[in-house]
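Biologist: Please take a close look at the strand pairing in this model, and tell me what lies against the strands where that can be said.

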Amino acid sequence: MNFTRSNALWKAANQALPGGVNSPVRAFKAVGGEPFFAESGQGAWITDADGNQYVDYVLSWGPLILGHAHPEVVARVHEALNRGASFGIPTESETRLAEKLVEHVPSIEKVRLVNSGTEATMSAIRLARAHTGRDICVKVEGCYHGHADGLLVKAGSGLTTFGTPTSPGVPEAYASCTLTIPFNDVEAVKSVFEAHGDNVACLIVEPVAGNMGVIPPEDGYLEELRRITQAHGSLLIFDEVMTGFRVSLGGAQAHYGVTPDLTCLGKVVGGGMPIGAYGGPADIMDQLSPAGPVYQAGTLSGNPLATAAGLATIEVIEQPGAFEAIEANMLQLTEELGRLAAEADVPIYQTQAGTMACAFFQEGPVHNYADATQSDTDRYARFFWGMLQRGVYIAPAQFEAMFYSAAHGDNVFDHTCTAAREAFKEAAG
Ligand code: KE4
């Protein structure tokens, strides 16, 4: 494959953008080499600046559950844009999207639209702190909730010791309000609440972890989070920015039957346009300004283009059988990839939750971040490049997810499997 134009664009990007990107994972640091530049997308395919074409299993990190440039999404965004890109005045479209989220997501009676997942989680935690009058936030190691200061915190030395910042520029004071526990470990939850429960405002978790690879909750884990937080008067926040409308139409909470107090959404609900959302019971949400004293705002929150794209997307995937078809197609591919890896004698531990999946390059099992980091990331990088060279784009990092779309049908199954057969052999070496 020829990357001449992408290489030239990469040089220019590095002159004007820190690290050449506007979000770190796009720089391909985890797999080495230089990123290609996307030129266009259509359905399951993207075309890069040199005309190379790839089946896309990253889908802008989850939002594009209909694939690229779905005609209904394009038409609805065009129609909205022709009437004006933004007003900063209430519009019907944001109410209609909010109504969809209320309809599909069990925990949501009212919802506030924002512009990113980071804003959603940051604001949900502020609301939880205001509602409970407490400061401590408990998070789970390996879960990513965006880049708000208080969430860029790594685990403290012991389960009940406060974390330390994972990034320069985060004051120790922020980290001192965050405790970190391992995923899928009920004893750890019990310990941290025994030690700090009366001061815990909230526990935030990705109900299916999607930022350390994809790791589903073990049986009973989410139920225990619900029980323990309830017992201590703390709010349970499900960060469903990735899992919302991906694990099921009602998110992981609907799939597993565990209802949190607050839910954060993003990605799919904006159909590829900038969006975030957080919602929950009306009595908690009505504490938000201007209904209540908890301040949160945003110039472009609920803007007509993002709400048009989100509404169009949800209206397509909520059609009877539409979501299930995507899930079934992904399962078929996951099973075939498992067969191909075994054929090449490459050990992988596969996980899937609805329309998102992952292959850890190790024997497994993988139940938490410590397990995930045992993966052979060099072998993953070789597999990544073997796939890319054969026209298949998967996440440029082991600790991410693969995503499927309504556009990934039979048309890409054979192409992907042909590439994977060879890429697994190369990775085995
Ligand atoms: P944004 O601020 O990037 O819109 O959302 C942050 C966020 C919050 N919660 C979860 C569960 C998330 O997965 C994310 C963002 N996910 C990453 C992918 N692992 C976005 C890709 C990127 O950072 O460029």
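Modeller: Strand β2 (residues 45-48) and strand β3 (residues 53-56) run antiparallel and are joined by 3 bridges, where a strand is a DSSP run of E of at least two residues, numbered from the N terminus, and two strands pair if DSSP finds at least two bridges between them. This is a predicted model, in which local features need pLDDT of at least 70, side-chain atom pairs count only at pLDDT 80 or more, and totals for chains, interfaces and linings use all residues. Residues are numbered from 1 along each chain as its sequence is written, and side-chain values use heavy atoms, with hydrogens and water left out.

Within this pairing, threonine 47 has glutamine 53 in β3 as its bridge partner, and the hairpin of β2 and β3 has 4 residues between the strands, with glycine 51 taking a positive phi near 85°. β3 also pairs with strand β15 (residues 392-393), in the parallel sense and over 2 bridges; there, aspartate 56 has tyrosine 393 in β15 as its bridge partner.

Elsewhere, an open sheet of 3 strands follows the order β13-β14-β16 with antiparallel pairing, and its edge strands, β13 (349-353) and β16 (402-403), each pair on one side only. Helix α11 (residues 322-343) packs on this sheet and touches β13, β14 and β16, its direction making about 180° with that of β13; a helix is a DSSP run of H or I of at least four residues, contact means heavy atoms within 4.5 Å, and axes are lines fitted to C-alpha atoms, for helices over the stretch in contact, with angles running from 0 to 180 degrees between N-to-C directions. Strand β14 (residues 356-360) is joined to β16 by 2 bridges, the two running antiparallel, and alanine 357 stands opposite methionine 402 in β16.
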